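Welcome! Here is a short tour for anyone meeting this structure for the first time. Take a look at the sequence and the 3D view, then read on.

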Amino acid sequence: MLSIGEFSKICGVSTKTLRYYAEIGLLHPDEINPENGYRYYSIGQLTRMLFINRLKSYYFSLEEIKAMLELEDDQSEEKLYSALNRKRKELQTHLKAFEYTLKQMSMDILKLEKDIPVMSYLDHIEVQLVTTEPMKILFIRQMMSSDDYALGYGEYFSRLYERIATEKLTLLGTPMTIYHSPEYNPAGNDTEFAIPIKETVEGTREWPGGLCAKSSITGPYSELTSVYAKLREWVENEGYELMKSPYEIYLTAPSPADAEDMVTEVYFPVRIKQHT
């Protein structure tokens, strides 16, 4: 048997952490002396502790690790394999995001070295005044928190595409998202996922055409706020006012792996400002 101090030293984990792991049911001491409360761990528990450390190094949460330890106890190698694969994909996505951030940062450093303002890229975002045609859209409208968006795009568009395939509906365009909330709220935003189709069925509605300020961007969705800012500035400067909810049309399928190549159009429905 190893005292909590010896166990702590061998595994590189503080005694405070070991006590917390026992408290949440992650790793209990093999024995607790009833007289003095001293905690002891068996030699066999070293492997379990090292496995916990390994999973922590893979950025699993303690809750996830606890579930995986239960899988290991059940000798469910297949489920363990799946969990590791999911985490690997998650880390690859984060890595792509970090790589993109580093690339952007390097570009900003180069700009500063040449005395070019960091935000000068806004001057290169083009805005057009266009007239859009009305269309029929198959839609799902949901309150979406900021944490839901990544999952929501996949889930709700998949449901719409599935229905189009099942009911043999005629696809007339690429997916779009309409943002109805008057302000951004991390807790929930009124969001409509839609796909243009030909037929009138349950769950469709008319989306009116009209005058729009339009811009597009090639790159990850995190860059869209710059387009929104540019569009809003253009609308104000050119003497227009917003009429309806802004919307986005995705010309390429959302793919974190190819985020730099994603093409998104942003539309602000407008009219000439009414003077009173």
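## A helix to start from

Please keep in mind that this is a predicted model. A good place to begin is helix H5, which covers residues 77-113 and has 37 residues. From its first C-alpha to its last, H5 reaches 53 Å, close to the 54 Å expected at 1.5 Å a residue.

Which residues of H5 are buried? They are Leu80, Ala83, Asn85, Lys87, Tyr100 and Lys111. If you follow the chain just past the end of H5, you come to Asp115, which takes a positive phi of about 60°.

## The second largest pocket

H5 also leads us to an open space. The second largest pocket has a volume of about 370 Å³. It is lined by 16 residues, and the closest to its centre are Tyr100, Gln104, Lys111, Tyr121 and Glu223. Two of these names may ring a bell: Tyr100 and Lys111 are among the buried residues of H5.

Where does the lining come from? H5 gives the most, with six residues. Both H5 and strand E9 (210-218) supply at least two residues each. Sorted by class, the lining of this pocket has seven nonpolar, four polar and five charged residues.

## A single enclosed cavity

Next, a look at closed spaces. How many cavities of 30 Å³ or more does a search of the whole structure find? The search finds one. The volume of the largest cavity is about 30 Å³.

Its lining is made up of Thr132, Trp207, Pro208, Gly209, Gly210, Leu211, Cys212, Lys244, Tyr247 and Pro269. Strand E9, met above at the pocket, provides the largest share of this lining, with three residues. By class, the cavity lining divides into six nonpolar, three polar and one charged.

## Glu265 and its partners

Our last stop is Glu265, which lies in strand E12 (residues 263-272). Is Glu265 buried or exposed? Its relative accessibility is 13%, so Glu265 counts as buried, since the cut-off for buried is under 20%.

The side chain of Glu265 makes polar contacts with two other side chains that you can look for in the 3D view: one of 2.7 Å with Tyr267, and one of 3.4 Å with Lys214. Leaving aside neighbours within four places in sequence, Glu265 is in contact with Lys214, Ser215, Ser216, Tyr247, Glu248, Ile249 and Leu251. Among these, Tyr247 is also one of the residues that line the largest cavity.

How values were computed
Residues numbered from 1 in each chain as written. Predicted model: local features only at pLDDT ≥ 70, side-chain atom pairs only at ≥ 80, totals over all residues. Heavy atoms only, no water. Helix = DSSP H or I, 4+ residues; strand = E, 2+ residues; numbered from the N terminus. Expected span 1.5 Å × (residues − 1). Buried < 20%, exposed > 50% of the residue type's maximum accessible area, 1.4 Å probe, protein only. 1 Å grid on protein atoms, 1.4 Å probe; cavity = no way out; pocket = protein on both sides within 12 Å on 5 of 7 lines; lining within 4 Å. Points joined across faces, edges and corners; volume = space filled by probe spheres on them. Nonpolar A, V, L, I, M, F, W, Y, C, P; charged D, E, K, R; others polar. Polar contact = N/O pair within 3.5 Å; in protein donor to acceptor, adjacent residues only side chain to side chain. Contact = heavy atoms within 4.5 Å.
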